Amino acid sequence: MSRRKSLSVLPGFRLSLSYTITWLALLLLLPLAACLMKAGSLSGEEFWKAVWTERTRAAYLLTFGVSLAAAVIDTLLGLLLAWVLVRYEFYGRRLMDSLIDLPFALPTAVAGLVYSNLYVKNGWLGQFLVPLGIQGAYSRLAIVLVLSFIGLPFVVRTVQPVLETIDADIEEAAACLGATRWQTFYRVILPALYPALLTGFTLTFARALGEYGSVVFVSGNMPFKTEIAPVLIVARLEEFAYAEATAIAVVLLAISFVLLGVINFLERWNQQRST
Amino acid sequence: MMPQKSTVASSTARHAASREDPVWVRVLLIGLAFLVIGVLIVIPVANVFYQAFRGGAGVYWKNLVSDPDTRHSIFLTLTVAPVAVALNVVFGVAAAWLITRFKFPGRTFLTTLLDLPFAISPVVAGLMFMLMFGLQGYMGPWLRDHGIKIVFAYPGLVLVTAFVTMPFIARELIPVMDAIGSDEEIAAVSLGANGWQTFWRITIPNIKWGLLYGVILCNARAMGEFGAVHVVSGHISGQTDTMPLRVEKLFQEYNNPGSFAVASVLTALAIVTLFLKIWLEHKTSHELAEARDVGVT
Amino acid sequence: MSRRSLQNIAIVLLIAVVWPVARQIQQRFANESAPEAVESRTVVREVALLNVSYDPTRELWQAVNAKFVTKYESETGVKLTIKQSHAASGSQARAIADGLEADVATLSLWPDLDLLRKKALIKAGWEDEFPNGSVPYFSTVVFVVRKGNPKGIHDWADLGKPDTSIITPSPKTSGNGRLALLGAWGSVVLQGGSEENAREFVTRIYRNVPVLDTGARGATVTFSQKGIGDVHLAVESEARLEVRESNGELELVYPTKSIRHDPPVAIVDAVVERRGTQDVAKSYLDYLYTPEGQVVIAEHDFRPLDAEVLTKFADRFPKVELFTVEDIGPNWDAVQKKFFAEGALFDSIYQEIHRSDSAK
């Protein structure tokens with residue numbers, strides 16, 4: 001059966017299939033099933049009551065809002081950084097290029113610790129910002145800041161390669177036809193970057209939705225204000241409301257699934273457009 | 001899903017007049033870029049080292065090595081992460097082989113499934129394992145009766161770390177193996193090599209850099225994992241506290257320098273990861289270029 | 001990279017995978033042979049205990065453990081190691097219920113320990129296993145303010161002043177947080193105020209809380225190291241430590257009346273029976289009640305039961321009129337339900353704050 005369907009003369013189909021499936025089942029599907037089963041022990045009404053209260057709504061909204069804000073900021077900053085890195089030669093370009101990946105390698109707990117220390121009243125940046133009324137710690141702004149840090153590499157790294165492959169001829173043609181530099185950018189370059197920007201945006205957004213380690217350090221946990229959904233899960237667990245906690249987790253899982261579908265679709269679209 | 005740096009070199013067209021921006025635009029944008037990198041990345045990193053070394057290098061060293069719990073947390077992280085990475089190497093290679101070398105129903109679904117751990121909040125991941133292996137969970141009582149410890153012990157830490165970093169290596173290998181294609185392997189098989197010979201002599205040498213790249217990224221995440229580990233660790237000092245958890249604990253024990261000392265080690269590891277990544281990208285871009293040349297001729 | 005070295009790497013990886021499995025099997029055998037070891041306890045030369053405790057007791061247990069280990073080893077010749085685990089009280093209770101192998105649980109609040117009884121990990125009647133309802137020391141909630149007390153905070157009523165920013169951990173996750181809320185509540189109802197007044201007062205307080213940390217230590221760090229807030233509602237031991245660490249930047253304020261904090265201890269029967277550590281766990285907790293143990297407790301700013309020790313450390317513990325949780329409600333379970341359960345008083349207070357904020 002493997003031969004017929006695999007259309008390949010290479011060996012190892014059964015081995016790799018069974019190994020992959022076993023591992024996925026053990027590490028991913030089984031715990032996932034446990035999660036669904038636990039949430040399934042609630043009646044429909046109970047489930048709804050657990051996942052849809054004023055407080056959870058505020059938490060979802062907050063998580064969505066700050067993730068969206070961080071993704072928008074990162075898209076803009078990412079475009080800027082990618083543009084500067086690809087188009088200009090300047091001192092420190094390579095250093096900048098390598099530093100961009102740092103948020104990816106830095107443990108998020110360290111990021112949270114440092115960010116909460118930087119923006120408080122007696123911190124390096126907070127001493128200038130707090131007197132101006134800018135609260136960069138224990139506020140929504142703080143969450144957006146740290147999420148922007150964490151998501152920074154994604155947009156840069158999706159836009160950079162596309163920007164590098166844009167044909168010089170197109171821009172020259174646009175210039176010859178009398179387009180100003182801004183028009184060329186706006187009408188010619190930017191549309192070519194849309195798929196990459198959108199992919200980067202979605203990646204940042206998805207990463208931000210799930211982030212916990214750094215956010216819990218900087219958020220302040222105020223119900224309705226700065227309380228993110230994972231903190232709610234922890235709070236419900238504390239009351240031994242396993243099923244209710246799991247119900248909220250299932251909602252987050254469902255959102256993750258949908259987002260993954262969108263990302264995969266976007267990536268395929270991106271590839272099709274670039275080839 | 002990972003930041004992937006392009007290896008395409010910029011062309012000479014960069015200097016074409018029609019692509020040149022006015023000087024003020026250039027200066028402004030470069031300045032802005034430096035500002036962004038400075039505020040978001042450089043200052044925080046500098047702050048970590050500043051706080052860690054505030055008491056001088058001697059105090060810093062003492063903070064790191066004189067506390068047995070801190071020493072143990074470093075040891076624990078350095079043993080948990082590699083094991084999780086090793087598990088994912090085996091899995092990643094198997095999954096990449098499966099997905100790139102065979103066509104079968106459900107392949108796309110499998111690829112999506114591979115990405116799932118990326119999108120799951122670490123707290124939810126920890127909770128999932130707790131529901132499975134915790135004493136109140138589905139397998140907990142059985143495990144306890146058989147004397148097998150998973151959560152609040154080493155295996156649990158490895159499992160959640162492996163879970164969170166599961167996609168990295170497969171994700172890195174799939175495009176590489178797709179690009180290389182299976183011609184060489186098919187040739188080897190048709191010349192009479194068996195599966196393992198083909199794998200060891202053809203496939204592995206072909207994908208070694210991609211694999212190493214995946215390992216480095218996977219390892220960086222494995223060492224830094226906080227949320228999921230937080231849920232299943234049990235916080236036993238000198239036993240199940242990994243480095244990121246130790247950072248939090250020291251911080252709460254009024255030991256700011258100690259906390260930042262551990263944080264600085266993690267930061268230094270992140271910087272080492274960056275260097276390795278750059279070196280590898282350099283290496284692969286050369287090899288890819290060579291491979292392309294060979295392919296043309 | 002040659003083929004040979006690749007194979008070597010593969011072997012190393014394989015070992016790395018096999019090793020944890022082997023460890024498991026080894027551990028399993030070790031556990032199976034455990035009953036044997038219990039029978040011939042004189043042969044056992046090494047014992048390990050795990051003490052799962054709440055946030056502000058890290059330093060206390062470090063000191064107690066060091067003293068007790070020396071004492072135990074010299075008396076029995078058995079090598080003893082005691083491991084500690086600290087986090088918010090509620091989450092520690094959950095961790096034990098989830099399988100964290102605690103030999104003894106020393107938590108902040110009665111409901112947290114009683115939960116383990118409900119999960120059949122601790123036998124009924126655990127309160128009577130040790131003196132004073134298994135509560136070896138007590139404490140209370142006091143105020144920490146900035147140098148010179150610029151906001152003039154002297155008693156609970158002052159917390160209701162506008163522009164007074166208050167730091168306290170979340171009652172949802174922290175024992176300290178729950179006590180602070182109950183203290184504020186009691187300060188009104190036990191002085192003749194109605195529940196309506198109390199509710200209004202507590203709402204006013206939480207309106208002025210800028211950060212709700214998940215644990216007591218988190219709140220301390222927020223107040224002392226990050227400089228947020230005008231007053232920190234902390235358990236006495238935590239407050240005294242905080243003030244000591246601050247180099248004169250912070251001051252203590254004792255309210256005239258406050259809530260009594262009775263952190264209970266218990267042996268986790270289900271665990272010690274399996275591990276065969278009943279005796280050492282018992283003598284460990286018994287040690288807390290000895291004069292020696294009580295001195296260590298007092299040295300770490302927890303109020304000792306022993307009257308003699310208490311007089312010796314009298315300068316540390318100013319007289320405060322203490323009321324108990326039972327003065328507020330019939331018992332802990334009822335209080336827990338009325339104040340902190342999902343949708344109960346605390347939640348509705350925040351709902352109210354939220355509504356009036358969004359109405360503005």
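Me: pLDDT stays under 50 over residues 1-6 of chain A; how many contacts beyond four places in sequence does the model have there?
Reply: This is a predicted model, in which local features need pLDDT of at least 70, side-chain atom pairs count only at pLDDT 80 or more, and totals for chains, interfaces and linings use all residues. Residues are numbered from 1 along each chain as its sequence is written, while chains are lettered from A and ligands numbered from 1 in the order in which they are written. pLDDT is the predictor's confidence in each residue, from 0 to 100, and a contact is a pair of residues whose C-beta atoms, placed from the backbone, lie within 7 Å. For residues 1-6 of chain A, the contacts beyond four places in sequence number seven.

Me: Where in chain A is confidence highest?
Reply: Chain A has a mean pLDDT of 84, with 96% of its residues at 70 or more. Helices are DSSP runs (H or I, at least four residues), numbered from the N terminus. Helix 1 (residues 2-6) of chain A has the lowest mean, 41, whereas the highest, 91, belongs to helix 4 (residues 54-87) of chain A.

Me: Turning to chain C, which helix gives the largest share of the side of domain 1 that touches domain 2?
Reply: The domain bounds, from an automatic or database assignment, give domain 1 (37-135 + 263-289) and domain 2 (139-261 + 317-359) of chain C. Their contact takes 13 residues from domain 1 and 15 residues from domain 2. On the domain 1 side, helix 4 (89-97) and helix 5 (110-118) of chain C each give two or more residues. The largest share, three residues, comes from helix 4 of chain C.

Notes: Contact = placed C-beta atoms within 7 Å.
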